[in-house]
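This report goes through one protein chain, from a small sheet to a helix and then to two single residues. The sequence and the structure come next.

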Amino acid sequence: MSIKTRAPVGREAIATFGWWRAHRFLILRRLSQMFFLSLFLLGPWFGIWWIKGNLSGSLSFGILPLTDPFIAAQSLIAGHWPELTGLIGALIVALAYALIGGRVYCSWVCPVNPVTDGAHWLHDRLGLKKGWQPKAGTRWWVLAMVVAVSALTGTIAWEFVNPVSMLHRGLIFGMGLAWAFVVAVFVFDLFVSRRGWCGHLCPVGTFYGLLGAKSVLRVSAARRADCDDCMDCFAVCPEMHVITPALRGQAGETPIILSHDCTNCGRCIDVCAKDVFAFTHRFDATDAPARDDRSRSQPASGASRAA
């Protein structure tokens, strides 16, 4: 019996569209992450204080306040009423992510995302097993625990262990102990749980996913009738369960990915040689007929092959 060897993910897309087209959103994400991080480092490193603060709270050009709404929520729960500028900043950020998608933060802004993506890349290259996978509700328990600790201790609990803040402080003052937190996330995703940190534990992503549950920006599998079951989209998606309802749905069911777990990273668009996926909005009425009864009956087996 012969064993069919699976081609590397994205090879067909590269052959069809070229290397840039098959990696464009990945590259744009890295540039976006570097851009936002560099804005906060311009002041401490070069004395250019366009932005003062960090991703938790900042003041841009001495005018525009921006506050992480997750931080603001913990502050309120802890019994500390933020200053008016802090509340305004939290409202601005919350409205922005409510419109464009809360977990856009995870894939386009968060500086820890390249760390976890790097761990996933090495995990695949080493051929490691999937590892321990926390239950689907674990992220909600972690979020609830952070809220409870903030309420009981009167502190912004997450900031004590937040790897994003640790990374930012480390880049300014020298990594020191901050390395331990960043390395711990990398090691966890590499050896313990594939995509475990962002996908199952990080309360920031959970909070932003809830915030953007009704967001406008979405990915759609509008050309799902052209899907050839190569499974590349499942292989690259950090939340692969979000793809199945849109891609395998029956005729008349929306091809739009509506799950708040979707990070709008665009990798499914990159690697699809059939150009099935595209960015759109949640009100897009474009639909495509289901491919056939066979494909609709095999979502679980397809996902398992990618897993």
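## Strand pairing in the sheet

G53 stands opposite S58, a residue of strand β2. The model is a predicted one. Another bridge in this region links K52 to its partner L59, again in β2. Both pairs belong to the ladder between β1 (residues 51–54) and β2 (residues 57–60), where the two strands are antiparallel and share four bridges. The connection from β1 to β2 is a hairpin of two residues.

On to the next pair of strands. β2 and β3 also run antiparallel, joined by four bridges. In this ladder G57 stands opposite T67 of β3. The hairpin of β2 and β3 has three residues between the strands, and F61 takes a positive phi near 55 degrees there.

Taken together, the three strands make an open sheet, ordered β1-β2-β3, with antiparallel pairing. β1 and β3 (64–67) are the edge strands, each of them paired on one side only. From one strand to the next, the twist averages 10 degrees.

Which residues of β2 are on its covered face, and which on its uncovered one? S58 and S60 make up the covered face, while G57 and L59 make up the uncovered face. In general, side chains along a regular strand alternate between the two faces of the sheet.

## Helix α7

Helix α7 spans residues 138–153, which is 16 residues. The distance from its first C-alpha to its last is 22 Å, close to the 22 Å expected at 1.5 Å a residue. Just after α7, G154 has a positive phi of about 70 degrees.

Where do the buried residues of α7 lie around its axis? The buried set consists of T138, R139, V142, L143, V146 and S150. These residues lie on the same side of α7 because they cover an arc of only 145 degrees around the axis. On the other side of α7, the residues W141, M145 and L152 are exposed. The packing partners of the buried residues of α7 are α3 (69–77), α10 (196–201) and α11 (203–211).

## Two buried residues

H123 and F25 are set side by side below.

| Residue | Helix | Relative accessibility |
|---|---|---|
| H123 | α6 (residues 113–125) | 2% |
| F25 | α2 (residues 24–46) | 13% |

Is H123 buried or exposed? H123 counts as buried because its relative accessibility is 2%, and the cut-off for buried is under 20%. A polar atom of the H123 side chain lies 2.7 Å from the backbone oxygen of K129. Leaving aside residues up to four places away in sequence, H123 touches L128, K129, K130, D189, L190 and R194. K129 therefore appears both in this set of contacts and as the residue whose backbone oxygen faces the H123 side chain at 2.7 Å, under the 3.5 Å limit for a polar contact.

F25 is buried too, with a relative accessible area of 13%. Its contacts, again without residues up to four places away in sequence, are W108, C265, G266, I269, D270 and F279. How far apart are F25 and C268 in sequence and in space? The two residues are separated by 243 residues in sequence, while their C-alpha atoms are 9.5 Å apart.

## The chain as a whole

The chain holds 16 helices and five strands. Of its 307 residues, 48% count as buried. Among contacts between residues at least 6 apart in sequence, 75% join residues at least 24 apart. One contact of F25 that can be looked up in the model is with F279, and one contact of H123 is with R194.

Conventions:
Residues are numbered from 1 along each chain as its sequence is written. This is a predicted model: local features need pLDDT of at least 70, side-chain atom pairs count only at pLDDT 80 or more; totals for chains, interfaces and linings use all residues. Side-chain values use heavy atoms; hydrogens and water are left out. Two strands pair if DSSP finds at least two bridges between them. Axes are lines fitted to C-alpha atoms, for helices over the stretch in contact, and angles run from 0 to 180 degrees between N-to-C directions. The expected span of a helix is 1.5 Å times one less than its number of residues. Buried means under 20% relative accessible area, exposed over 50%, partly exposed in between (1.4 Å probe, protein chains only). The arc is that of the directions from the helix axis to the C-beta atoms. Contact means heavy atoms within 4.5 Å. A polar contact is a pair of N or O atoms within 3.5 Å; within protein, one must be able to donate a hydrogen and the other to accept it, and residues adjacent in sequence count only if both atoms are side-chain atoms.
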